[in-house]
Amino acid sequence: MSAEDRLERAKTLYERAVFSGDAGVLTSAERDLDAVEADTALARGRILHARFLNERASAGS
């Protein structure tokens, strides 16, 4: 599931909780948002790693 899918699902679950009184779906919505945050953190980590490798290679030249 993509980040966009997860965000859209969290929005839909929010609406169910607010407009239908189904607060039980909030845990699933939070889990989807946690997954988006994890994907973002992993992507940032990869970028930092690439910068580190690039700077190390430049310093060794």
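# Exercises on a predicted two-helix model

Helix H1, residues 3-20, comprises 18 residues and spans 25 Å from its first C-alpha to its last, close to the 26 Å expected at 1.5 Å a residue. The model is predicted, and the exercises below are to be worked with it in view.

## Exercise 1. The faces of H1

Determine which residues of H1 are buried, how they are arranged about the helix axis, and what they pack against.

Solution.

Step 1. Apply the cut-off for burial, which is a relative accessible area under 20%. In H1, the residues Arg6, Ala10, Leu13 and Ala17 are buried.

Step 2. Look down the axis of H1. The buried residues fall within an arc of 65°, so they line one face of the helix.

Step 3. Turn to the other side of H1, where Glu4, Phe19 and Ser20 are exposed.

Step 4. Identify the partner of the buried residues of H1: they pack against H2.

Step 5. Follow the chain just past the end of H1. There Gly21 adopts a positive phi of about 70°.

## Exercise 2. The nonpolar core

List the residues of the largest nonpolar core and state which element gives the most to this core.

Solution.

Step 1. The largest nonpolar core consists of five residues, namely Ala10, Leu13, Ala17, Val25 and Ala29.

Step 2. Assign the contributions. With three residues, H1 gives the most to this core.

Step 3. Examine Val25 as one member of the core. With neighbours within four places in sequence left aside, Val25 is in contact with Leu13, Arg16 and Ala17.

## Exercise 3. Salt bridges

Establish how many salt bridges a search of the whole structure finds, and describe the setting of each pair.

Solution.

Step 1. The search of the whole structure yields three salt bridges.

Step 2. Begin with Arg6 and Asp39, whose side chains meet at 2.9 Å, N to O. This pair links distant parts of the chain, with Arg6 in helix H1 and Asp39 in helix H2, 33 residues apart. Arg6 has a relative accessible area of 17% and is buried, whereas Asp39, at 39%, is partly exposed.

Step 3. Continue with Arg9 and Asp32, which form a salt bridge at 2.6 Å, N to O. Arg9 lies in helix H1 and Asp32 in helix H2, so the pair ties together parts that are 23 residues apart in sequence. Arg9 counts as partly exposed at 34% relative accessibility, and Asp32 counts as buried at 9%.

Step 4. Finish with Arg16 and Asp22, whose side chains form a salt bridge at 2.8 Å, N to O. Arg16 is partly exposed at 39% relative accessibility, and Asp22 is partly exposed at 28%.

## Exercise 4. Surroundings of two charged residues

Find the contacts of Arg6 and of Asp32, leaving aside neighbours up to four places away in sequence.

Solution.

Step 1. Locate Arg6, which belongs to helix H1.

Step 2. Under the stated exclusion, Arg6 is in contact with Met1, Asp32, Ala35, Val36 and Asp39. Among these contacts, Asp39 is the salt-bridge partner of Arg6.

Step 3. Locate Asp32, which belongs to helix H2.

Step 4. Under the stated exclusion, Asp32 touches Arg6, Arg9, Ala10 and Leu13. Among these, Arg9 is the salt-bridge partner of Asp32, while Ala10 and Leu13 belong to the largest nonpolar core.

## Exercise 5. Leu33 and Tyr14

Classify Leu33 and Tyr14 as buried, partly exposed or exposed, and compare sequence separation with spatial separation for the pairs Leu33 and Arg46 and Tyr14 and Glu37.

Solution.

Step 1. Place Leu33 in helix H2, which covers residues 26-59.

Step 2. The class of partly exposed lies between 20% and 50% relative accessible area. Leu33 has a relative accessibility of 35% and therefore counts as partly exposed.

Step 3. Record the contacts of Leu33. Residues up to four places away in sequence not being counted, Leu33 touches Leu7 and Ala10.

Step 4. Compare Leu33 with Arg46: the two are 13 residues apart in sequence and 20 Å apart in space, C-alpha to C-alpha.

Step 5. Place Tyr14 in helix H1. At 47% relative accessibility, Tyr14 counts as partly exposed.

Step 6. Compare Tyr14 with Glu37: they are 23 residues apart in sequence, and their C-alpha atoms are 18 Å apart in space.

Note on methods
Residues numbered from 1 in each chain as written. Predicted model: local features only at pLDDT ≥ 70, side-chain atom pairs only at ≥ 80, totals over all residues. Heavy atoms only, no water. Helix = DSSP H or I, 4+ residues; strand = E, 2+ residues; numbered from the N terminus. Buried < 20%, exposed > 50% of the residue type's maximum accessible area, 1.4 Å probe, protein only. Contact = heavy atoms within 4.5 Å. Expected span 1.5 Å × (residues − 1). Arc of directions from axis to C-beta. Core = buried A, V, L, I, M, F, W, Y, C linked by side-chain atoms within 4.5 Å. Salt bridge = Lys/Arg side-chain N within 4 Å of Asp/Glu carboxyl O.
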